[in-house]
Amino acid sequence: MGKPKMRDPYGHDKDSGREKSARGRPVREAELEESVLDLASIVSIEFNTEDYHLNFLNSSYARYQSYLEPLDPDSASYALYARVLTIYESMIKNYTSSDTVRVRVNQADEIDYSMTLTPPGGFEGTKLLITTTLTNTNDYDTSYNTYNYVYDPETGTWQRELVITEIHYDANQVIMEQTQAVVIGDDNTLSFSYDPPSDLAGYSGLDANLSVTVTEPESGQSYTTIYDKALYLYR
């Protein structure tokens, strides 16, 4: 058998054409860029804040519907309630075609939305910051009266004290902002809820824009979604 040819461990290897600096080392491609989440492609937000006025219209419609059901179709009462239902149907149709959602700040109303994250594999444990922002649309000046009840030990009675609350916002002023941290995991369907304080708006309401910003602190990138309806906040 012939003697196998060995490559010169120091000099130029004529057979391979590789110089000593490259001999025995794998040829490496350019370093791959570090993988970064594309937030715009993985974040889906559904705004589902309930409208106080629409809920009132729907509940009123349901109430009159319950009045109508047991009645004789030939009775005067049936005709009356049927007419009322027609009016409410028209009101609901006209109201739902508007671009405004009414939220009463001194009730149990909340600003709600849900978020679904669909990240590719390998990003489990990644921290994200979710920032909810309300921005006032126009200049806003109002005031409203409330009362506190204070016990007077001398007379043994409760005294009513007037409290005047004044509110002023400039146009495009941020009137609420809160940030929550989440971590990408197995279940990436998230729900968020914000209960606005009762003194955020007066009886004459204000229009505000709602936006949600998702930020990845490590890379610094962010993605913002703006609700396509205005929120009308009022007492």
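Author: Two strands count as paired if DSSP finds at least two bridges between them; strands (E, at least two residues) and helices (H or I, at least four) are DSSP runs, numbered from the N terminus. The structure is a predicted model, in which local features need pLDDT of at least 70 and side-chain atom pairs count only at pLDDT 80 or more, while totals for chains, interfaces and linings use all residues. Residues are numbered from 1 along each chain as its sequence is written, and side-chain values use heavy atoms, with hydrogens and water left out.

Reader: What makes E9 and E10 a pair of strands?

Author: Strand E10 (residues 222–226) is joined to E9 by five bridges, and the two run antiparallel, which satisfies the requirement for pairing. One of the contributing positions is valine 212, whose bridge partner in E10 is threonine 225. E9 and E10 form a hairpin with six residues between them, and glycine 220 in the turn has a positive phi of about 85 degrees.

Reader: How do you know that E4 and E9 pair, and in which sense?

Author: Eight bridges link E4 and E9 in the antiparallel sense, again enough to meet the criterion. Within E4 (residues 127–136) lies asparagine 136, and its bridge partner in E9 is alanine 208. E9 also pairs with strand E11 (residues 230–234), antiparallel over three bridges, where leucine 206 has leucine 233 as its bridge partner.

Reader: Why is asparagine 136 called buried?

Author: Its relative accessibility is 1%, and the term applies under 20% relative accessible area (exposed is over 50%, partly exposed in between, with a 1.4 Å probe and protein chains only); asparagine 136 therefore counts as buried. By contact, meaning heavy atoms within 4.5 Å, asparagine 136 touches residues including Tyr169, Asp170, Ile175 and Leu206, when those up to four places away in sequence are not counted.

Reader: What joins the side chains of threonine 132 and tyrosine 113?

Author: A polar contact of 2.6 Å joins them; the term covers N or O atoms within 3.5 Å, where within protein one must be able to donate a hydrogen and the other to accept it, and residues adjacent in sequence count only if both atoms are side-chain atoms. Threonine 132 lies in strand E4 and, at 2% relative accessibility, is buried as well.

Reader: Which residues have the most contacts inside the largest nonpolar core?

Author: They are Met115, Leu134, Leu231 and Leu233, in a core of 38 residues; such a core is a set of buried Ala, Val, Leu, Ile, Met, Phe, Trp, Tyr and Cys residues joined through side-chain atoms within 4.5 Å. Strand E9 (residues 206–215) supplies the largest share of this core, five residues, and eight of the ten residues of E9 are buried.

Reader: Why is the aromatic pair of tyrosine 64 and tyrosine 67 called edge-to-face?

Author: A search of the whole structure finds eleven aromatic pairs. In one of these, tyrosine 64 and tyrosine 67 lie 5.6 Å apart, centre to centre, with 85 degrees between the planes. Rings of Phe, Tyr and Trp (its six-membered ring) pair if their centres lie within 6.5 Å, and planes under 30 degrees apart count as stacked, over 60 as edge-to-face and the rest as tilted, so the pair is edge-to-face. Both tyrosines belong to helix H2 (residues 52–68) and, being three residues apart, are separated by about one helical turn; tyrosine 67 is partly exposed, at 36% relative accessibility.
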